[in-house]
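Colleague: I would like to learn how contacts, pockets and annotated spans are read from a model. Could we take them one at a time?

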Amino acid sequence: MQNLNKEVDRYNLQPKKFIMWLFMISSIIFFAGLTSGFIVYSGDGGGKTLNVALPQAFIYSTIVILLSSATMHWAYLQTKRLKFGNQRLGLWLTLLLGILFIAMQVYGWSVWTNLGVFFINSNATISFVYAFTFLHIIHILAGLIIIITALVSSYKKLPNVINLFRMEIASIFWHFVDILWIYLYVFLLLNQ
């Protein structure tokens, strides 16, 4: 009986999921504070609005991140159905789409810098846009690390409870960063 309790405790993964939820809640509070700062700064008057069009690459990166959310959900469903080949395919696609998202964000920055719109600017609303996208990319990188962890574990002979848990964590976090980007993009569209 004691060995059975140790085995159950070994696979008790709920505290790890709770920590991830705390991180996501703190990220929501962090980005809410940043967007509030943007609103306060731009509402102060004196021409401090976002007077530059957002790079077109941002709409394309939004489409890419929505596609990545679909591939992640498909990979999660395949894991639940014990179709590990499809799980890996979905994870690889999500990983590649995540990298493409980052590349498109960086391309959007390069478009702005070619137009003479830099991070250090007399109009801090532009600096806010750079900060929003950079900090979101950091969250995307964290999501990619979680996806890589799930992908590596899918190739190992681990108990399915571990594999499914890692997929669940990856899926929840990836959908979170997707929703976070949509929030930021819509916020910026409404405030330009």
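Colleague: Which residues does Thr-35 touch, not counting residues up to four places away in sequence?

Modeller: This is a predicted model, in which local features need pLDDT of at least 70 and side-chain atom pairs count only at pLDDT 80 or more, while totals for chains, interfaces and linings use all residues. Residues are numbered from 1 along each chain as its sequence is written, and side-chain values use heavy atoms, with hydrogens and water left out. Contact means heavy atoms within 4.5 Å, and on that basis Thr-35 touches Phe-132, Tyr-183, Leu-184 and Phe-187.

Colleague: Is Thr-35 buried or exposed?

Modeller: Thr-35, which lies in helix H2, counts as buried because its relative accessibility is 3%, the class being under 20% relative accessible area with a 1.4 Å probe and protein chains only.

Colleague: How is empty space found, and which residues are closest to the centre of the largest pocket?

Modeller: Rolling a probe the size of a water molecule over the atoms shows where empty space is left. A pocket is an open set of points on a 1 Å grid over the protein atoms alone, where a 1.4 Å probe fits, with protein on both sides within 12 Å along at least five of seven lines; lining residues have an atom within 4 Å of a point. The largest pocket holds about 250 Å³, a volume being the space filled by probe spheres set on the points. Twelve residues line this pocket, and Lys-16, Thr-149, Phe-165, Arg-166 and Ile-169 are the closest to its centre.

Colleague: Which helix gives the most to that lining?

Modeller: H6 does, with five residues, a helix being a DSSP run (H or I, at least four residues) numbered from the N terminus.

Methods
Helices (H or I, at least four residues) and strands (E, at least two) are DSSP runs, numbered from the N terminus. Buried means under 20% relative accessible area, exposed over 50%, partly exposed in between (1.4 Å probe, protein chains only).
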